[in-house]
Amino acid sequence: MLISKLKKMLISKLKKLKNGGLPWVVEVIKYLLNANRWINERLFYHYQKRMPIQENLIVIESEEDFSDNAYVLYEYMLKNGYLDKYHVAMLVNDVKAAQKKHWKNTEFVKKNPGHGINKEWAKVLATCRWYIYDHNNMMQGVKKRQEQIILNLWHGVGYKGTNHENSSESKTTFDYFDTLSDKISLYCQAKFFNCSKEKGVVLGYPRLDYFYSSNDIGKKFIKSLGVTDEKVVLWMPTFRKSAVARISENYDLGETGLPILYTGKMLQDFNKYLAQNRIVVLLKVHHLQADSPIFRKKYSNIKIIKDEQLKEAGLQLYQFISGTDALITDYSSIAIDYLLMDNPIIFTLDDYTEYEKSRGFIINNAKEYMPGYHAYDYDDLILALGEINGGKDKYESDRKMIRPLYHTYTDGHSSERILNFLKIRL
C-alpha cells in the first residue's frame, strides 16, 4: 500500500517535470531525498524499535570519517580491549573505503540516510545502547528509546557567538554534552546549544589526550615537510567565508581570506620574513578554503596543510598540532585547546569589531580571555613572532590564570573518563 502510494506520487511529479523544466528537476530530487529519509526514519526505524536493545552496541559519528573526538574515543577502545566486549557501528560517508580497515567488532554504516534507502542505519540507531557523536545528531529526526543514552562530544569551545541552538522541531536531543570545565566552558556550551547546564558533563575531549602522549608522530610528519631546526608555528584561522550563510561573515575578507595578510603580495613578504628568521608557519586553513588559487602557490616557509595530507600520513589533526612550538589563531576553539600545550599564542584581531557586529562573541569582553599577543596589523604580527622566536614567553602567567576557567583536567585521560561515565567498562 505504502509503495503503491509513493509510486503514484512519483509519477505525478514526473508528469509535472515534463512541462516544468529545471525547477521541477530540483523539486523531484528534493522529493526523492525526503521520501528516502521518510522511509528510513518512519518505516524502518519504527519497525526496528520493536527489536530488543543491544546492550553492547555503541554507535559513533564524526563529520569526517575517522576523525575528531568520537574517533579518538573509538581508537582508545580499540587499543585497550573494549571491543572484546562491545560492538561498534561507525557511521561513515564512504562505507567501501571503511570496510578495508577490518577492525575488531566494528561495522560501518552509511551515515546519511537521505542519500538512499538505508535499513542498517535504522537498525543500529533503533537498537543501540549508546549513541556518541561530535558533529551531527543523526537521531534528531526520530524518537529515541528511554534506555538509550545520547552523548554529544562536540568539537570545541571557542569565542564565537551562538548560531547552533537546539531546534524545537527535534524529536530527540542529546542526554548529555561533554565539556572541558564547570566554569566558562560549561556556560558557553550550554548557551551555544540553548539547553540547561545540567546536561553538561565535565569529562574533557578525547582528542586533547594526544597532547599528553608522545608527539613524535607529529614531529616526524612536520620534518617530512622539509622542516629542520626552524621554529614551528601553527596558524589556524577561523573559517569566515562559506556558502552556508550561518557560518559566513558578511564583510569583505580580501584576496586571501586570511586575517592580517589580505593579498598575495603580503603573503610573499611574510614568507620572506619567515625565511630570513628561520621560522616555518604551518597554515592549516579550513578544507573549504584550502583549494583557493591563492593557496596553490608554493612558499618556502609557509606550508599549506590539507586534511588529505594528514589522512595519507595516518595522522589525526591533534597529533600534528602537538608537534608545534606556537600558535597563531583568532576566535577558533583551537586557542582554548592549545592552552594545554602551554606554548605562546598570537591572536589576530584585525577584524574584531566587524566580527563582533557580524556573528558576535559568546562571552562579553572576549579579548580578556585571550592570553597572548593581540595582533591588529602586520607590524604587530611580526613583532610577536620576533619575540617568540627570540625565546620570550610574555604571556605564560596569563595562560596559567585563564587555563582553569576552560580546563578542569590536564591529565590526558578524557577517553577513560567518558567510558566510565557511560558505564562502558571492561
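This report walks through the salt bridges of the structure above and one place where two of its helices pack. Please keep in mind that the model is predicted.

**Salt bridges**

Searching the whole structure turns up 18 salt bridges. Three pairs are set out here, each with its closest N to O distance.

| Pair | N to O distance |
|---|---|
| Asp 84 and Lys 104 | 2.4 Å |
| Arg 207 and Asp 337 | 2.8 Å |
| Glu 387 and Lys 394 | 3.6 Å |

Let's start with Asp 84 and Lys 104, whose closest N and O atoms are 2.4 Å apart. Asp 84 sits in the loop between helix H3 (68-79) and strand S2 (87-92), while Lys 104 belongs to the loop between helix H4 (95-98) and strand S3 (106-110), so this salt bridge ties together parts that are 20 residues apart in sequence. Asp 84 is exposed, at 55% relative accessibility, and Lys 104 is partly exposed, at 47%.

What does the salt bridge between Arg 207 and Asp 337 look like? Their side chains meet with N and O 2.8 Å apart. The two residues come from distant parts of the chain, 130 residues apart: Arg 207 is in the loop between strand S7 (200-202) and helix H7 (216-224), and Asp 337 is in helix H11 (residues 334-338). Are these partners buried or exposed? Arg 207 has a relative accessible area of 4% and is buried; Asp 337, at 0%, is buried as well.

In the pair of Glu 387 and Lys 394, the closest N and O atoms are 3.6 Å apart. Glu 387 counts as buried because its relative accessibility is 16%, under the 20% cut-off. Lys 394, with a relative accessible area of 47%, is partly exposed.

Some salt bridges also join up into a network, which links Asp 342, Asp 393, Arg 399 and Arg 403.

**Where H3 meets H15**

Helix H3 appears again here, this time as a packing partner of helix H15 (residues 414-421). The axes of H3 and H15 are 10 Å apart and cross at an angle of about 85°, which means that H3 is roughly perpendicular to H15. Which residues make the contact? From H3 come Val 72, Leu 73, Tyr 76 and Met 77, and from H15 come Ser 415, Glu 416, Ile 418 and Leu 419. By type, the residues in this contact of H3 with H15 are six nonpolar, one polar and one charged.

Technical notes
Residues numbered from 1 in each chain as written. Predicted model: local features only at pLDDT ≥ 70, side-chain atom pairs only at ≥ 80, totals over all residues. Heavy atoms only, no water. Salt bridge = Lys/Arg side-chain N within 4 Å of Asp/Glu carboxyl O. Helix = DSSP H or I, 4+ residues; strand = E, 2+ residues; numbered from the N terminus. Buried < 20%, exposed > 50% of the residue type's maximum accessible area, 1.4 Å probe, protein only. Axes fitted to C-alpha atoms, helices over the stretch in contact; angles between N-to-C directions. Parallel < 35°, antiparallel > 145°, perpendicular 65-115°, else oblique. Contact = heavy atoms within 4.5 Å. Nonpolar A, V, L, I, M, F, W, Y, C, P; charged D, E, K, R; others polar.
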